[in-house]
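Me: Please take a close look at one part of this model for me. I want the helix packing first, then whatever sits around it in the fold.

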Amino acid sequence: MARPLEQNMGPEAMQRATGRTHEEWRVVLTEAGAMAWDHPTIAKHLVEQHGVDGWWAQAITVDFEQACKGRLPGQRADGTFSTQKTMTIPGEPLDALAAVASGVTARHGEAHGQNLTTAMPNVRWRLPDGTRLSASVQGRNRTGSPVNLTCERLRTAEAALLAKAELEDILTEARHGHG
């Protein structure tokens, strides 16, 4: 299961970057009325009213939603869940991506789209239950090419756990297929 944002980003880091701790931002947002706001409104308020950088505004918003509004770790603002796993696959980037895509296709059918000419080539699937699955590859390093699998629009935290295990299986199979 994903960890709460505060466990991944301690109060010292938040204080250094934004001038306030997690708890201080929660008080500021609660007093401003953010319990009644949606995610984009909270983030926009932080940027416009407090001069917070956009990336940090997102982090503060997620922390606030987790601590005060019941958002679960790994849950997106729309209520769905997402998960991802990255593994280095031996070989050149497009070969590594093709190996992973083959494993996904064997389990879920043909991809609905791909872009192999972008800086991070990717392949995408739309699953019958509305879930989205994507594979993307980074540039080659000493040991191979890092491939990331991301699964989005999962309905429950339990579905995210199962999906994460499947992503790891697919990546492991692709890695061993090259070994």
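Reply: Start with helices α3 and α5, which are roughly perpendicular to each other. The model is a predicted one. The reasoning is short: α3 (residues 22-32) and α5 (residues 54-68) pack at an angle of about 80 degrees, and angles of 65 to 115 degrees count as roughly perpendicular. Their axes lie 10 Å apart. On the α3 side, the contact is made by H22, W25, R26, L29 and T30. On the α5 side, I60, D63, F64, A67 and C68 take part. By class, the residues of this contact divide into 6 nonpolar, 2 polar and 2 charged.

Now the sheet. It is open and has 5 strands, in the order β1-β5-β4-β3-β2, with antiparallel pairing. The edge strands are β1 (81-89) and β2 (113-115), and each pairs on one side only. On average, neighbouring strands are turned by 15 degrees against each other, direction ignored. Strand β1 is joined to β5 (residues 145-154) by 8 bridges. Within that pair, T83 stands opposite C151 of β5. Helix α7 (residues 157-177) packs on the sheet and touches β1, β4 (132-137) and β5. The direction of α7 makes about 15 degrees with that of β1.

One residue deserves a closer view: V123, placed in strand β3 (residues 122-126). V123 counts as buried because its relative accessibility is 5%, and the cut-off is under 20%. Beyond its neighbours within four places in sequence, V123 contacts several residues, among them L97, A101, L116 and L133. V123 and L133 are 10 residues apart in sequence, with their C-alpha atoms 8.5 Å apart.

Methods: Residues are numbered from 1 along each chain as its sequence is written. This is a predicted model: local features need pLDDT of at least 70, side-chain atom pairs count only at pLDDT 80 or more; totals for chains, interfaces and linings use all residues. Side-chain values use heavy atoms; hydrogens and water are left out. Helices (H or I, at least four residues) and strands (E, at least two) are DSSP runs, numbered from the N terminus. Buried means under 20% relative accessible area, exposed over 50%, partly exposed in between (1.4 Å probe, protein chains only). Contact means heavy atoms within 4.5 Å. Axes are lines fitted to C-alpha atoms, for helices over the stretch in contact, and angles run from 0 to 180 degrees between N-to-C directions. Angles under 35 degrees count as roughly parallel, over 145 as roughly antiparallel, 65 to 115 as roughly perpendicular and the rest as oblique. Ala, Val, Leu, Ile, Met, Phe, Trp, Tyr, Cys and Pro count as nonpolar, Asp, Glu, Lys and Arg as charged, and the others, Gly among them, as polar. Two strands pair if DSSP finds at least two bridges between them.
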